[in-house]
Amino acid sequence: MNRLIVVSNRLPFALDSIGEDLWTVTPAAGGLVSAVEPVLRERGGTWIGWPGIAGEIPKEPLAEATRDAGYQVVPVSLSEEERDEFYYGYSNEVIWPLFHDLQNFCNFEPGYWQAYREVNERYADAILRCSQPDDFIWVHDYHLMYVAQALRERSMPQKLSALTFFLHIPFPPYDIFTKLPQQQRLLRALLQFDLLGFQTRRDLRNFLQCVRRVMSDAKVVPRRELQVIRFEKREIRAGHFPIGIDFDSFESGAKTEVVAQKSQQLRGTFPDCQLIMGTDRLDYSKGIPERLRAFRDALERYPELRGRVVLIQVVVPSRVEIPRYHEFKGRIDRLVGDINGRFSTGTWFPVQYHFRGLDREDLLAHYRACEIAFITPLKDGMNLVAKEYCACRINGDGVLILSQFAGAAEQLKPGAMLVNPYDVEQMADTILKAFRMSQAECTARMKRMRRVARDENVFWWVDSFLKAGAKLASRSSRFTAWERREQRARDTVKS
Ligand code: GDG
């Protein structure tokens, strides 16, 4: 197997300065890291990314943080201005909201694109510096869609076995994508990869539709498995590869004594109540206010739920430096205050709210203790929390209420209760149905979901992506030979 080089905006940990020459290292939050880290840890390779601090990267803390990683870490540095314009700017004020169908949240500031390109070029340079012929380059996510183009401008890809990309977030439909001022430049850049992976059939379909309508010189050739796009004398493959979780590690983690104890303790805190769980990074795409409003509506309309359910909402701080995220936190705080103020009694508080990440054992204990998971993003690439919840339901019960707009809905719909996250009343009714669901129905539904989460786990995801890339690599070496012949022919004509 060729050496794997993973490239993502962030490394799996963040460095933070807490004084002169004093640094903290914290594991990075989020789905990409949860999924990719166990894979690199198991098979080795290289991870190229940014450690989360603007300016120079201190050597010693970095070496310390990566000593036992099991893979090589190559840091990329960003200046403050680049962080603001590339990361907070183009990536998180343009692409993130647009790709989650929230175009009103976009700030299409013209200067951001230049910074996006330049930082992507920096990542391309890092790849050039540390890659060898036949390496498998796997670029991740929406921050780095320009990397292949930057590499081709540096005439590198011939030496690589495959230049591949996976998008962790959704790809929007044409009507939304077409609002992007750089729509053509972005699609052209994406088409410089050899293989493009999306989370769901829906995302792949949206992408192909945008290619058809925006890139008049590209031709989409439908195939049964990987779709083929012919563009500028090259063939690009595109497919859907739903990301999974390390099922066994969640399941076995949930079975440990310490998690069992913590879970029992949590249950004991709320006797006679069913526990409903929500856990998300702080993000407006996750539908947290809508969920809280649905919970409030359920308590208002269905008095039988009062004193009988508790919503445990964990919000993991994320991008808090961005004013919109800060304001958004204020909205959540106010809603929680409103619900608790209106409904709590001397012995019962309807919402337990944590604005912090739980450590892994606590997270697993919550998955194990809560009878209902309430996961309602307005739109989500996949949503790993939904799958992790199923993996931790080791007794085979538990109800998953899931947004129909989460990528996970495509795989989990045989067992999940799907809801429209914009429909507060429907979500409230679903809470009541979940609360009343018979044990037999719970178990039957959970069995189906656990099967999918177990079979289509993160290793299955990596294997299917790498296999698709490997097929391509053998084709692309033939293609390169063909390209070389063409070049020789052109040189002969010139001379
Ligand atoms: C992006 C896409 C896609 C959550 N709370 C705690 C905690 N977590 C961990 C979960 C999970 C991860 O964070 C969140 O992953 P998601 O998939 O739910 O969401 P994003 O971070 O937005 O991820 C998403 C994903 O990439 C992968 O492709 O599914 O659609 O947006 O793994 O376990 N971890 C700890 N404490 C918490 O309180 N330790």
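Biologist: How many of the residues of helix 3 are buried?

Modeller: This is a predicted model, in which local features need pLDDT of at least 70 and side-chain atom pairs count only at pLDDT 80 or more, while totals for chains, interfaces and linings use all residues. Residues are numbered from 1 along each chain as its sequence is written, and side-chain values use heavy atoms, with hydrogens and water left out. A residue is called buried under 20% relative accessible area, exposed over 50% and partly exposed in between (1.4 Å probe, protein chains only). Helices (H or I, at least four residues) and strands (E, at least two) are DSSP runs numbered from the N terminus. In helix 3, 15 of the 20 residues are buried, and the helix is mostly covered.

Biologist: Where is the kink in helix 3 centred?

Modeller: The bend at a residue is the angle between axes fitted to the seven residues ending there and the seven starting there. Helix 3, which spans residues 80-99, has a kink of about 35 degrees centred on N92. Just beyond this helix comes D101, which has a positive phi near 65 degrees.

Biologist: Which residues that are not glycine have a positive phi of about 65 degrees?

Modeller: The general expectation is that most residues other than glycine have a negative phi. Besides D101, which follows helix 3 with a positive phi near 65 degrees, you can look at K233, whose phi is positive at about 65 degrees although K233 is not a glycine. K233 sits in the loop between strand 10 (227-231) and strand 11 (234-240), and it counts as exposed because its relative accessibility is 61%. D272 likewise has a positive phi of about 65 degrees without being a glycine; its place is the loop between helix 10 and strand 12, and with a relative accessible area of 68% D272 is exposed.

Biologist: At what angle do the axes of helix 9 and helix 14 cross?

Modeller: Two packed helices are described by the angle between their axes and the distance between the axes. Axes are lines fitted to C-alpha atoms, for helices over the stretch in contact, and angles run from 0 to 180 degrees between N-to-C directions. For helix 9 (residues 247-255) and helix 14 (residues 384-392), the axes come within 8 Å and cross at roughly 50 degrees. Helix 9 is therefore oblique to helix 14, given that angles under 35 degrees count as roughly parallel, over 145 as roughly antiparallel, 65 to 115 as roughly perpendicular and the rest as oblique. The crossing is right-handed; a crossing is left-handed if the near helix is turned anticlockwise from the far one by less than a right angle, and right-handed if clockwise.

Biologist: Which residues make the contact of helix 9 with helix 14?

Modeller: Contact means heavy atoms within 4.5 Å. Helix 9 contributes F247, F250, E251 and A254, and helix 14 contributes E388, A391 and C392. Sorted by class, this contact has 5 nonpolar, no polar and 2 charged residues, where Ala, Val, Leu, Ile, Met, Phe, Trp, Tyr, Cys and Pro count as nonpolar, Asp, Glu, Lys and Arg as charged, and the others, Gly among them, as polar.

Biologist: How do helix 14 and helix 17 cross, left-handed or right-handed?

Modeller: Their crossing is left-handed, and the axes of helix 14 and helix 17 (residues 439-455) come within 9 Å while crossing at roughly 110 degrees, which means that helix 14 is roughly perpendicular to helix 17. K387, Y389, C390, A391 and C392 of helix 14 meet M446, M449, R450 and A453 of helix 17, giving 7 nonpolar, no polar and 2 charged residues by class.

Biologist: What covers the buried residues of helix 13?

Modeller: In helix 13 (residues 360-369), the buried residues are L363, L364, A365, H366, Y367 and A369. The elements covering them include helix 9, helix 10 (257-269), strand 12 (274-281), strand 13 (309-316), strand 14 (351-354) and helix 14.

Biologist: Which residues does S8 touch?

Modeller: S8 lies in strand 1 (residues 4-10) and counts as buried because its relative accessibility is 1%. Leaving aside residues up to four places away in sequence, S8 touches L32, W47, I48, G49, W50, Y123, H140 and L144.
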